[in-house]
Amino acid sequence: MDFNIKSGSPEKQRTACVIVGIFSSRRLSHPAKAIDKASKQYISTLIRRGDMDGDRGQHLLLHNVPGVMADRVLLIGCGKEREINDGAYRQIIRNSITILNKTGALEGINYLSELNIKNRDYSWKIKQAVEIAEHTLYQFNELKSKNKKTRRPLRKITYTVPTRRELSKCEMSIKQACAIANGVKLARDLGNYPSNICTPTYLAKQATKLAKNNNSLSVNVLEESDMEKLGMGSLLSVSQGSTEPAKLIILEYKTSKKTQKPIVLVGKGVTFDTGGISIKPSQAMDEMKYDMCGAASVLGTLSAVAELGLPINVVGIVPATENMPSGDATNPGDIFTSMSGQTVEVLNTDAEGRLILCDAITYSKKYNPDVVIDIATLTGACVIALGKHATGLLSNHNPLAREIINAGEDAGDRAWQLPLWDEYQQQLNSPFADIANIGGRDAGTITAACFLSRFAEKLQWAHLDIAGTAWLSGSKKGATGRPVSLLMQYILNKIK
Ligand code: BES
Ligand code: MN
Ligand code: ZN
């Protein structure tokens, strides 16, 4: 999609569609008033007749409005003007793009970016509006043999600002938002591909492709034999039941500041989670192809960082494997030695995410990281606790947690912190090994993070549990690309 910004009068735009807002109780926004005036009260007359009140969710598509140069005028209900907060703004933009896309117009000029939102400037509004447009128009038709193409797809969206003064800052927002949207799309595509295509080997190939296309990115893929030499017994205990070979994918983004400590992102890449010998029920098991969305978000984030050429070092580490039952699979009660030297009793083979992440986190220490953030579809308990709206956040360093929460708030990709108190650690006691891989029914998301904290040790580390946020079920079934936007905002805020 081509995105632009401009300023100018709505009635004078030669375009397939101009989009303006109407507020609750039939109040016109400024751009709507301009159109009303040029059309000799065409809009206010319709509204007085009751065709639209301006409540959020309403819209009215008009053709050949007199005195207006655009082919179409799309009125979008915005609700009460004073109640437009971040979430409402996002919803209004989403509605406008969905409806514009159905009109048959190939392009449009959208004045909704001029809505007032408390504490938000134009660069924020434009960045959000671009990300939302790409997100809304996303489709995954790769694997369909027919009906792949949309009828008259949108090609260009122009957002407006009230004065030319805003233009240059907003050009930057568009650039950033497009790079982030590309990263989100990559993450969604990878999450949507089924496990017979998206294998650990496929993820490694995608990382290699990213590195080929960008000079600042380099890739290194470790094989099972390499992992054995490194002593990654915990990671290998998960892959041993599968015929697909595990990969440890390392993707490095390096700037000229070679000595600067990197941000390390570790992403869970279980390309299918059957549960292993502790097998899952068959109900909705197909969805366990998305158990690599942490990995996908790491690749998406690195691709966006590289596209923008940001002046900060970032390393992505992706342990990738399937979790399968077989004659070679781990049995409950088996004990393995992790790369850290700690021994782990695997009481439940379905708690596999932490088993691969712990070795990846230990491996990350060789980079002398500034911070380590792991991203994982780790626990069903997190979906129960926070639902689909917030990513679970746990950290051993409160300032880092704060920065992540703030970034999520700005990006519209929120995280919510859960405690990582010492009291929970004892749930992981094992009579036979240093630590067990499950901590019972209570506080499942917290005990999973406690397990990881034993390996993060002195690192400044945060854990994002995206089991709820990475995927939607039902009519909107599919990968969301979360938390690429959050991670990108966190990185952008570090640079500022
Ligand atoms: N990949 C799952 C977590 C998951 C569940 C993600 C539902 C998305 C939706 C993870 O590997 C898992 O199976 N976790 C277990 C842990 C339990 C055995 C301690 C769980 O949450 O049930
Ligand atoms: Mn599992
Ligand atoms: Zn899993």
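Here's a quick tour of the metal site and the nonpolar cores in this structure.

It's a predicted model, where local features need pLDDT of at least 70 and side-chain atom pairs count only at pLDDT 80 or more, while totals for chains, interfaces and linings use all residues. Residues are numbered from 1 along each chain as its sequence is written, ligands are numbered from 1 in the order in which they are written, and side-chain values use heavy atoms, with hydrogens and water left out.

**The metal site**

- Asp 273 (OD), Asp 350 (O and OD) and Glu 352 (OE) coordinate the manganese ion (ligand 2) at 2.0 to 2.2 Å; donors are N, O and S atoms within 2.8 Å of the metal, or 3.2 Å for Na, K and Ca.
- The zinc ion (ligand 3) sits 3.2 Å from the manganese ion (ligand 2), and Asp 273 coordinates both.
- Asp 273 belongs to strand β11 (residues 269–273) and Asp 350 to the loop between β14 (343–346) and α10 (353–364), so the pair ties together parts 77 residues apart in sequence. Helices (H or I, at least four residues) and strands (E, at least two) are DSSP runs.
- Asp 273 counts as buried at 3% relative accessibility, whereas Asp 350 is partly exposed at 22%. Buried means under 20% relative accessible area, exposed over 50%, and partly exposed in between, using a 1.4 Å probe and protein chains only.

**The nonpolar cores**

- The largest nonpolar core (buried Ala, Val, Leu, Ile, Met, Phe, Trp, Tyr and Cys residues joined through side-chain atoms within 4.5 Å) has 65 residues, and Leu 203, Ile 373, Ile 404, Leu 464 and Tyr 490 touch the most other members.
- Helix α9 (residues 293–308) gives the most to this core, with ten residues.
- Apart from it lies another core of 44 residues, including Met 227 and Tyr 367.
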